[in-house]
Amino acid sequence: MTDDWRPRRVAEIRALILRAVPGASEEAKWVKPTNPAGVPTFSHGGLICTVETYADKVKVTFAKGASLSDPAGLFNASLDAGTRRAIDLREHDALDAEAFVALVAEADPAASA
């Protein structure tokens, strides 16, 4: 069995989310037998994003991504969705940490309250 890269990627994403929004809370939602750990969801006065693990990728879905500016072009999934937008990251994909932190900070519902 090969080394599973996904937990490291989720840990990287978690650290960047908490850097962008230090007061964000994380909870596991949608726990089920096929996904006993659930889906990490990050909130701060409302939902910021979810981090889902698939066989070939880690998907970060922003609840209100369609309303966010994305000058670095991080969004690469759910581009036709009405409200949400997502970033699919595969094993060797680079993630622009500074652009991601800025995107998360903009997505923080408490910042616009």
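A residue is called buried when its relative accessible area is under 20%, exposed when it is over 50%, and partly exposed in between, with a 1.4 Å probe and protein chains only as cover. By this rule Trp30 is exposed, because its relative accessible area is 54%. This is a predicted model, in which local features need pLDDT of at least 70 and side-chain atom pairs count only at pLDDT 80 or more, while totals for chains, interfaces and linings use all residues. Residues are numbered from 1 along each chain as its sequence is written, and side-chain values use heavy atoms, with hydrogens and water left out.

Start with the whole chain. It contains two helices and five strands. Helices (H or I, at least four residues) and strands (E, at least two) are DSSP runs, numbered from the N terminus. Read from the N terminus, the order of the elements is α-β-β-β-β-β-α.

The C-alpha atoms fit a box of roughly 45 × 25 × 25 Å along the principal axes. A second description of size is the radius of gyration, taken over C-alpha atoms and compared with a globule rule of 2.2 Å times the number of residues to the power 0.38. The chain has 14 Å, which agrees with the value near 13 Å for a compact globule, because there are 113 residues. Of these 113 residues, 39% count as buried. The accessible surface (Shrake-Rupley method, 1.4 Å probe; for residues, only the protein chains shown count as cover) comes to about 6,400 Å², and carbon and sulfur atoms hold 53% of that surface.

Next come the charges. Lys and Arg count as positive and Asp and Glu as negative, while His and the chain ends are not counted. Each charge is placed at NZ of Lys, CZ of Arg, CG of Asp or CD of Glu. The chain has 13 positive and 16 negative charges, and their mean positions lie 5 Å apart.

The inside of the chain can be described through contacts, meaning heavy atoms within 4.5 Å. Among contacts with a separation of 6 or more, 49% join residues 24 or more positions apart. A nonpolar core is a set of buried Ala, Val, Leu, Ile, Met, Phe, Trp, Tyr and Cys residues joined through side-chain atoms within 4.5 Å. The largest such core has 27 residues, and Ile13, Ile17, Val51, Phe62, Ile87, Phe100 and Val104 have the most contacts inside it. Two or more residues each come from α1 (6-20), β3 (47-53), β4 (58-62), β5 (85-89) and α2 (97-107). Helix α2 gives the largest share, six residues.

Two of these core residues show how the elements meet. Ile13 belongs to helix α1 and is buried, because its relative accessible area is 0%. Not counting residues up to four places away in sequence, Ile13 touches Val51, Val58, Val60, Leu89, Leu95 and Phe100. Ile13 and Val101 are 88 residues apart in sequence, yet their C-alpha atoms are 9.4 Å apart in space. With the same exclusion of residues up to four places away, Val104 touches Ile17, Ala20, Val21, Ile48 and Phe62.

Leu103 lies in helix α2 and counts as buried, because its relative accessibility is 2%. Apart from neighbours within four places in sequence, Leu103 is in contact with Phe62, Leu68, Ser69, Asp70, Leu74, Phe75 and Ile87. One of these partners, Asp70, sits in the loop between β4 and β5. Asp70 is partly exposed, because its relative accessible area is 22%. Leaving aside neighbours within four places, Asp70 is in contact with Phe75 and Leu103.

The loops hold some further points. Lys57 is in the loop between β3 and β4 and is buried, because its relative accessible area is 15%. Beyond residues up to four places away in sequence, Lys57 touches Trp5, Arg6, Glu52, Asp88, Leu89 and Arg90. Trp30, introduced at the start, lies in the loop between β1 (25-29) and β2 (39-43). Trp30 has a positive phi of about 60° although it is not a glycine. Ser78, in the loop between β4 and β5, also has a positive phi without being a glycine, near 55°. Ser78 is partly exposed, because its relative accessible area is 23%.
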